[in-house]
Amino acid sequence: MRIVAVCGAGIGTSAILQVNAQRALERLGLEADVSASDLASVSTAAADAQVILTSTELADQVRAAIGRNFAEIVVVQNYFDVDEIAGKLQTSLG
């Protein structure tokens, strides 16, 4: 399973989201390859991803950037809230 965390520059908030998504997956007992990406590179970075994590502000831009991709875009309100991320990943991954 691949998950991509996306922010505008790909080095700040996406890295925080990447780490907290890994923590959330540990809590759920799930394994996945979680990477971080900037908005400009998301179509390539998420080509084989099942989930894309991003903010409310970037969700529409991510949708436009990936085009026809089967990844689910999951919007995270608080990148530091591991409980929120775990809940959304659990819902997304079933």
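**Figure 1. Helix 4 against the sheet.** In this predicted model, helix 4 lies across strand 1, strand 3 and strand 4. Its direction makes an angle of about 155° with that of strand 4. Helix 4 covers residues 82-93 and gives two or more residues to the largest nonpolar core. Ser 92 and Asp 83 both sit in this helix. Two later views return to them.

**Figure 2. Helix 1 against the sheet.** Helix 1 lies across strand 1, strand 2 and strand 3. The angle between helix 1 and strand 2 is about 165°. Helix 1 spans residues 13-28 and also gives two or more residues to the largest nonpolar core.

**Figure 3. The open sheet.** Four strands build an open sheet, and their order is 2-1-3-4. The pairing is parallel. Strand 2 (33-38) and strand 4 (72-75) stand at the edges. Each has a single partner strand, so one side of each lacks a neighbour in the sheet. On average, neighbouring strands are turned by 25° against each other, direction ignored.

**Figure 4. Strand 3 beside strand 4.** These two strands run parallel and are joined by four bridges. Ile 52 has Ile 73 in strand 4 as its bridge partner. Ile 52 and Ile 73 are also both members of the second core, which Figure 6 takes up.

**Figure 5. The largest nonpolar core.** This core has 16 residues. Ile 3, Leu 17, Leu 53, Ile 85 and Leu 89 have the most contacts inside it. Two or more residues come from each of strand 1 (2-7), helix 1 (13-28), strand 3 (51-54) and helix 4 (82-93). Leu 17 is a good residue to centre on. Neighbours within four places in sequence aside, Leu 17 is in contact with Ala 5, Leu 53, Thr 54, Val 76, Tyr 79 and Ile 85. Of these partners, Leu 53 and Ile 85 are themselves among the residues with the most contacts inside the core.

**Figure 6. A second nonpolar core.** Separate from the largest core is another one, with 13 residues. Its members include Val 6, Ala 46, Ile 52 and Ile 73.

**Figure 7. Ser 92 and its partner Glu 72.** Ser 92 lies in helix 4. Its relative accessibility is 19%, so it counts as buried, the cut-off being under 20%. A polar contact of 2.6 Å links its side chain to that of Glu 72. Beyond its neighbours within four places in sequence, Ser 92 is in contact with Val 51, Glu 72 and Val 74.

**Figure 8. Ser 35 and its partner Arg 2.** Ser 35 belongs to strand 2, one of the edge strands. Its relative accessibility of 18% puts Ser 35 in the buried class. The side chains of Ser 35 and Arg 2 make a polar contact of 3.5 Å. Neighbours within four places in sequence aside, Ser 35 is in contact with Arg 2, Ile 3, Val 4, Ala 5 and Gln 18.

**Figure 9. Asp 83 on helix 4.** Asp 83 is found in helix 4. It is exposed, and its relative accessible area is 55%. Asp 83 and Ala 21 are 62 residues apart in sequence. In space, their C-alpha atoms are 9.7 Å apart.

**Figure 10. Glu 57 on helix 3.** Glu 57 is in helix 3, which covers residues 56-66. At 63% relative accessibility, Glu 57 is exposed. Its side chain makes a polar contact of 3.3 Å with the side chain of Ser 55. Glu 57 and Gln 77 are 20 residues apart in sequence, with 9.7 Å between their C-alpha atoms.

**Figure 11. The whole chain, for orientation.** The protein chain has four helices and four strands. From the N terminus, the elements run β-α-β-α-β-α-β-α. The radius of gyration is 12 Å, close to the 12 Å of the globule rule for 94 residues, so the chain is as compact as a globular protein of that length. The C-alpha trace spans about 30 × 25 × 20 Å along its principal axes. Of the 94 residues, 44% count as buried. Among contacts between residues at least 6 apart in sequence, 56% join residues at least 24 apart.

Conventions
Residues are numbered from 1 along each chain as its sequence is written. This is a predicted model: local features need pLDDT of at least 70, side-chain atom pairs count only at pLDDT 80 or more; totals for chains, interfaces and linings use all residues. Side-chain values use heavy atoms; hydrogens and water are left out. A nonpolar core is a set of buried Ala, Val, Leu, Ile, Met, Phe, Trp, Tyr and Cys residues joined through side-chain atoms within 4.5 Å. Buried means under 20% relative accessible area, exposed over 50%, partly exposed in between (1.4 Å probe, protein chains only). Contact means heavy atoms within 4.5 Å. A polar contact is a pair of N or O atoms within 3.5 Å; within protein, one must be able to donate a hydrogen and the other to accept it, and residues adjacent in sequence count only if both atoms are side-chain atoms. Two strands pair if DSSP finds at least two bridges between them. Axes are lines fitted to C-alpha atoms, for helices over the stretch in contact, and angles run from 0 to 180 degrees between N-to-C directions. The radius of gyration is taken over C-alpha atoms; the globule rule is 2.2 Å times the number of residues to the power 0.38.
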